Amino acid sequence: HINAIITMMNAARFSSKAASAAAPLAAYTVYTLADYNNTYAKEVDVKAVKQSIVDVIDSNAEKREDGTSLTGTFVRLAWHASGTYAKADNSGGSNGGRMRFDPEASFGANAGLGVARAALESIKEKYPEISYADLYCLSGVAAIENAGGPEIPFQLGREDAVDGSTSPPDGRLPDADKGGRDKTVAHVREIFYRMGFDDREIVALLGAHALGRCHTDRSGYWGPWTFAENTMSNEYFRLLVEERWSPKVSHNGKPWTGPDQYEDATGKLMMLPSDIALIQDPEFKKYVELYAKDQDVFFKDFAKAFSKLLALGVAPVVGAKPWYQFW
């Protein structure tokens, strides 16, 4: 295990220092996860793994021939593997790769993600040195960057659990609707505050809805958020601000029987109640408007927040900075 390796590295360093005469306290430097990544984790060729992920996205898109891809699904996989974190007790998060097992694999919020996990198996076989936990997170990073998004700071070092016994309880991932504006806004804040995010980071992270779409056989909702679901941009925010969104009442000429959602004038784009909540709450809305006007600011904020998200739940090392502060 990584922590055991770091412990041995520190023991060796301290023994060496103790052997020297009267070594000053300042001479004792503690190894961190950064040191681990500069030594043992070097055996993982991150660049090659990322390219393999992109190759899977491209080959799968060619087979689909409908304009959809695994891009948004890989982002969702990385998000859901990390978004179970609770800052209060340091439980949940991206360490462990526990979505391979029940109960996490069967969480309602993770419906459809078996497709993404299965698609990554060939890469795990090709690069057995990378953990599933790192691979799931890296798939989201590669998908975002390949879609034209910002470079996401990323560190290896997540370990794989042997079963799902340490999975967090169900219910930690966000719901799209809590039955009313105020309840939905409060729910969004509760979920993200629990992980240690503020309002600006919340809005930035939800900008990932520029990618992918909803499926009736997974979440019950239908449709993409933008007309370019394989391209990372600030279009999600622009559409939120500029389009008129009304409750969806029909689908393909028949009454809509799915959960409450919103659609644009064309009926081809959708927004979830939690998306609309971002322009109904004054604090959230100011960041929506900021990102709608300035993609560079959005990309900068998103890269930092998404990197922070992926690092949640990774066992801390004394003296180490959070991974998202390494850059």
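A salt bridge is taken here as a side-chain nitrogen of Lys or Arg within 4 Å of a carboxyl oxygen of Asp or Glu. With that rule in hand, I looked up Arg189, Asp199 and Asp281 and found them linked in a network of salt bridges. I note at the outset that the model is predicted.

**Entry 1: helix H9**

I turned next to helix H9, which spans residues 199-206. I found 7 of its 8 residues buried, so I record the helix as mostly covered, burial being under 20% relative accessible area. The buried residues are Asp199, Glu201, Ile202, Val203, Ala204, Leu205 and Leu206. Asp199 is thus a buried residue of H9 and also a member of the network with Arg189 and Asp281.

I then asked which helices the buried residues of H9 pack against. They pack against H8 (181-195), H10 (235-242), H11 (273-280), H12 (282-293) and H13 (295-311).

At the N-terminal end of H9, I found aspartate 198 acting as a cap. One of its side-chain oxygens lies 3.2 Å from the backbone nitrogen of arginine 200.

**Entry 2: the salt bridge from H9 to H13**

I followed arginine 200 to its side chain, which meets that of aspartate 301 in a salt bridge, with N to O at 2.6 Å. Arginine 200 belongs to H9 and aspartate 301 to H13, so the pair ties together parts that are 101 residues apart in sequence. I checked the accessibility of both partners: aspartate 301 counts as buried at 19%, whereas arginine 200 counts as partly exposed at 32%.

**Entry 3: arginine 213 and glutamate 229**

I looked up a salt bridge between arginine 213 and glutamate 229, whose closest N and O atoms are 2.8 Å apart. Arginine 213 sits in strand S1 (residues 213-214), while glutamate 229 is in the loop between strand S2 (223-224) and H10, so the pair ties together parts that are 16 residues apart in sequence. Arginine 213 is partly exposed, at 27% relative accessible area; glutamate 229 is buried, at 9%.

**Entry 4: a pair within H10**

How many residues apart are arginine 238 and glutamate 242 in helix H10? They are 4 residues apart, which means a separation of about one helical turn. An α-helix has 3.6 residues a turn, so residues three or four places apart point the same way. I found the side chains of arginine 238 and glutamate 242 meeting in a salt bridge of 2.6 Å, N to O. Arginine 238 is partly exposed at 25% relative accessibility, and glutamate 242 is exposed at 53%.

**Entry 5: tally**

I closed with the total, which comes to 14 salt bridges by the rule stated at the start.

Notes. Residues numbered from 1 in each chain as written. Predicted model: local features only at pLDDT ≥ 70, side-chain atom pairs only at ≥ 80, totals over all residues. Heavy atoms only, no water. Buried < 20%, exposed > 50% of the residue type's maximum accessible area, 1.4 Å probe, protein only. Helix = DSSP H or I, 4+ residues; strand = E, 2+ residues; numbered from the N terminus. Contact = heavy atoms within 4.5 Å. Polar contact = N/O pair within 3.5 Å; in protein donor to acceptor, adjacent residues only side chain to side chain.
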